[in-house]
Amino acid sequence: MKIEINLDFIKDMGEQKKDENWKFRSYLKALDIEPSELDSIVRKINNEVSSQIDCTKCANCCKVVYPVLDEEDITRFSSGLNKSIEEFKSVYLSISEEEIDKFNFNALPCPFLKDNKCTNYTHRPKDCESFPHLNKEDFNSRLMSVIEFYSICPIVFNVYEQLKDTLWHRDWRNYI
Ligand code: SF4
């Protein structure tokens with residue numbers, strides 16, 4: 001399948017395919033497949049797709065998604081900046097409204113994004129490192145965020161579309 005990287009197109013598709021994406025989520029939820037088998041299919045497709053997409057030409061996640069930072073992330077990130085934890089927190093972070101005891105950057109695009117690259121990359125938060133989280137276990141339990149990221153991340157868009165092609169239209173047992 002052709003790999004789609006046009007962010008405007010992907011955003012439009014997020015609207016146009018909203019119903020289809022929710023329908024496919026329901027299909028996946030009801031699918032008679034072991035979670036580990038589904039994870040392995042997703043990993044395989046994700047690895048194929050990711051190898052064909054250059055994140056430094058995109059950086060859309062850094063422009064539109066607030067990553068979550070815990071205390072460990074904050075300690076590591078501030079040390080990479082040679083700033084104290086308190087200074088880093090007061091200048092760059094706000095308390096997360098969704099997760100207890102966690103923080104978000106207080107601005108988008110990420111204040112540390114320059115020329116589509118992270119200026120503190122080796123000290124980046126775990127949430128940034130694992131984005132778009134497709135290699136994590138139990139894909140089926142994270143489908144709401146997959147649909148959320150479908151319209152902003154080319155990797156998620158292409159993986160979800162290829163999953164539809166693989167699981168909706170063919171016998172997934174041939175894919176394992
Ligand atoms: S993870 Fe997705 S949104 Fe982020 S830079 Fe890579 S392709 Fe773009």
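The domain assignment divides the protein chain of this predicted model in two. Domain 1 comprises residues 7-60 and 133-174. Domain 2 covers residues 66-130. The C-alpha centres of domain 1 and domain 2 are 27 Å apart. Five residues of domain 1 and four residues of domain 2 make up the contact. On the domain 1 side, two of these residues are charged, two are polar and one is nonpolar. The C-alpha trace of the protein chain extends over about 55 × 30 × 25 Å along its principal axes.

Nine helices and five strands make up the secondary structure of the protein chain. Read from the N terminus, the order of elements is α-α-α-α-β-α-α-β-β-β-β-α-α-α.

Three of the strands form an open sheet, in the order β1-β3-β2. The pairing is antiparallel. Strands β1 (68-69) and β2 (93-95) occupy the edges. Each has a single partner strand, so one side of β1 and one side of β2 are left without a neighbour in the sheet. Strand β3 (residues 103-105) is joined to β1 by two bridges, and the two strands run antiparallel. Within this pairing, Leu69 has Phe103 of β3 as its bridge partner.

Helices α8 and α9 pack against each other. Two packed helices are described by the angle between their axes and the distance between the axes. For α8 (residues 143-150) and α9, the angle is about 115 degrees and the axes are 8 Å apart. The crossing of α8 past α9 is left-handed. Helix α8 contributes Val146, Phe149 and Tyr150 to the contact. These meet Val156, Phe157 and Tyr160 of α9. By class, the contact of α8 with α9 holds six nonpolar residues, with no polar and no charged ones.

Helix α9 also takes part in the surroundings of the ligand. The shell consists of Ile53, Cys55, Cys58, Ala59, Asn60, Cys61, Phe131, Pro132, Cys153, Pro154 and Ile155. Two elements, α4 (60-64) and α9 (154-168), each give two or more residues to this shell. By class, 10 residues of the shell are nonpolar and one is polar. No charged residue is found in the shell around the ligand.

Definitions and conventions: Residues are numbered from 1 along each chain as its sequence is written. This is a predicted model: local features need pLDDT of at least 70, side-chain atom pairs count only at pLDDT 80 or more; totals for chains, interfaces and linings use all residues. A residue is near a molecule or strand if its C-beta atom, placed from the backbone, lies within 6 Å of it. Helices (H or I, at least four residues) and strands (E, at least two) are DSSP runs, numbered from the N terminus. Ala, Val, Leu, Ile, Met, Phe, Trp, Tyr, Cys and Pro count as nonpolar, Asp, Glu, Lys and Arg as charged, and the others, Gly among them, as polar. Axes are lines fitted to C-alpha atoms, for helices over the stretch in contact, and angles run from 0 to 180 degrees between N-to-C directions. A crossing is left-handed if the near helix is turned anticlockwise from the far one by less than a right angle, and right-handed if clockwise. Two residues are in contact if their C-beta atoms, placed from the backbone, lie within 7 Å. Two strands pair if DSSP finds at least two bridges between them. Domain bounds come from an automatic or database domain assignment.
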